[in-house]
Amino acid sequence: MKLLEGAVDHGGSLGRARALFPSAVLPFVDLSTGINPHSYPLFDLPATSLWRLPEAVRGRELIEIAAKTYGAPSAGNVVAAPGTQILLPRVASLVRPGKALVLAPTYAEHARAAAIAGHEVVEVGDFAALADADLAIIVNPNNPDGRIIERDRLLALAAKLCAKGGLLVVDEAFMDVGPREHSLAGDVGQGGIVVLRSFGKFFGLAGLRLGFALADAPTAERLDTQFGPWAVAGPALEYGIRALADLGWQDAMRASLVDASARLDALFGRFGVRVAGGTTLFRYLSLPDAGGLFSALGERGILLRHFSGRPHVLRAGLPGSEEEWRRLESALADWASRREDRSKGQKQ
């Protein structure tokens, strides 16, 4: 479909959405990301977080809380960075250039980052094939379909790679809402594993740019030295420290997201759209007319995530307000009605 040739490579760009759907009803309901629409509560930042360079003591406090919250062996296994995106090529550079295998389909930036680091990159669909890699990359839970690889399988792969000097990278950007028993955060001390954790998605504060790499202590130190002092901005330090320590908010939010994702499944189901997977922050949709649904909703100011090369699937995030839920329901009803009219016309 020609319209989809202009679809954005990543979700969340409203500027590109306006170019793609110039007549859309505004404001856009942006369901193109997996970012929580119910962010951690905003609070008044200390003025010093903006006036002064970040204090080293606050940085240490952040990684100590992150280690405890994520289940890393110690703070010495955690590196804080201005978002996980900036970590990707640095982590890929931890092993000398060789064969990088990415379990696909998945987040496209991993392949790009590995190529930047000098690796020959191949995307594979078979988990077993990753054993041949020098650098193996897995997103768990996977973006966009929510696929889960069990912890014991990941550990067995990590052991094989480590024995030949390789590295397993597991991007756990959505593990805050995933089955945490399959996280490798607690296993990074054994070496040969780097786990990435994203702050902005679950806490709904992507603009802060905060993320973490978890690894054995020598690898964590090697990564940390690449950033130097003041890698994490003062406001991100303050929000990271408070939000990661707020376990009550996290538990309540996980329960709320379960309810919201079930509501979204039911809404799509009413109009014949199959939910084929996902997490509680995004749903993975499969339908023959994915392009038609993407366009119909886009024209009504509702932006889903389309994937070039996969014309039959879409990803949908969660509406953030009752008004957004109503707009989505109305747009789906209009799309379904038009689809039914076309079907009747073809039968006559």
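**Group meeting: burial, salt bridges and voids in a predicted model**

Good morning. I begin with W230, which sits in the loop that joins α8 (217-227) to α9 (234-245). Please bear in mind throughout that this is a predicted model. Is W230 buried or exposed? The tryptophan counts as exposed, at 51% relative accessibility, and the cut-off for that class is over 50%. Once its neighbours within four places in sequence are set aside, W230 is in contact with L53 and P54. For a sense of distance, consider W230 and A262: they are 32 residues apart in sequence, and their C-alpha atoms are 41 Å apart in space.

I turn now to the charged side chains. The structure holds 15 salt bridges, and I shall discuss a few of them. As general background, side chains of opposite charge can pair when their charged atoms come close.

Take E61 and R58. Their side chains meet in a salt bridge, with an N to O distance of 2.6 Å. Both residues belong to helix α3 (residues 56-70), where they are three residues apart, about one turn of the helix. The general geometry is familiar: an α-helix has 3.6 residues a turn, so residues three or four places apart point the same way. Both partners are partly exposed, E61 with a relative accessible area of 29% and R58 with 25%. The pair also has a further partner, as R58, E61 and E238 are linked in a network of salt bridges.

E150 and R153 form another salt bridge, and here the closest N and O atoms are 3.6 Å apart. Both ends are again partly exposed: E150 has 33% relative accessibility, and R153 has a relative accessible area of 37%.

Which parts of the chain does the pair R151 and D187 link? This pair links distant parts, with R151 in helix α6 (residues 151-163) and D187 in the loop between β6 (167-171) and β7 (193-198), 36 residues apart. The two side chains meet in a salt bridge at 2.8 Å, N to O. Their surroundings deserve a remark. R151 is partly exposed, with a relative accessible area of 33%, whereas D187 counts as buried at 12% relative accessibility, because the cut-off for buried is under 20%.

Next, the nonpolar interior. The largest nonpolar core has 86 residues, and L168 and F212 touch the most other members. Helix α10 (residues 247-270) supplies the largest share of this core, seven residues. A second, separate core of 25 residues includes V79, V102, A114 and V194. Returning to L168, and leaving aside its neighbours within four places in sequence, its contacts include A136, I138, L154, L157, I193 and V194.

Helix α11 (residues 290-299) is a further element to examine for burial. Why is it described as largely enclosed by the rest of the structure? Nine of its 10 residues are buried, so the description follows. Among those buried residues are G291, G292, L293, F294 and L297. Just after α11, G301 takes a positive phi of about 80°.

I come finally to the empty spaces. The structure holds one cavity of 30 Å³ or more, and the largest cavity has a volume of about 60 Å³. Its lining consists of L88, V91, A92, H110, A113, A114, L135, I137, V169 and L196. The elements that contribute two or more residues to this lining are α4 (88-92), α5 (109-116) and β5 (135-139). What is the class composition of the lining? There are nine nonpolar residues, one polar and no charged ones. A114 appears here as a lining residue and also belongs to the second core.

The second largest pocket has a volume of about 450 Å³. It is lined by 23 residues, of which A56, G59, R60, D224 and G228 are the closest to its centre. Two or more lining residues come from each of α3, β2 (78-81) and α8. By class, this lining divides into 16 nonpolar, three polar and four charged residues, whereas the lining of the largest cavity has no charged residues.

To close, I return to helix α3. The helix holds the E61 and R58 pair, and it also gives residues to the lining of the second largest pocket. Helix α8, which comes before the loop of W230, contributes to that lining as well. Thank you for your attention.

How values were computed:
Residues are numbered from 1 along each chain as its sequence is written. This is a predicted model: local features need pLDDT of at least 70, side-chain atom pairs count only at pLDDT 80 or more; totals for chains, interfaces and linings use all residues. Side-chain values use heavy atoms; hydrogens and water are left out. A salt bridge is a side-chain nitrogen of Lys or Arg within 4 Å of a carboxyl oxygen of Asp or Glu. Helices (H or I, at least four residues) and strands (E, at least two) are DSSP runs, numbered from the N terminus. Buried means under 20% relative accessible area, exposed over 50%, partly exposed in between (1.4 Å probe, protein chains only). On a 1 Å grid over the protein atoms alone, a cavity is a set of points where a 1.4 Å probe fits but cannot get out, and a pocket is an open set with protein on both sides within 12 Å along at least five of seven lines; lining residues have an atom within 4 Å of a point. Grid points are joined across faces, edges and corners, and a volume is the space filled by probe spheres set on the points. Ala, Val, Leu, Ile, Met, Phe, Trp, Tyr, Cys and Pro count as nonpolar, Asp, Glu, Lys and Arg as charged, and the others, Gly among them, as polar. Contact means heavy atoms within 4.5 Å. A nonpolar core is a set of buried Ala, Val, Leu, Ile, Met, Phe, Trp, Tyr and Cys residues joined through side-chain atoms within 4.5 Å.
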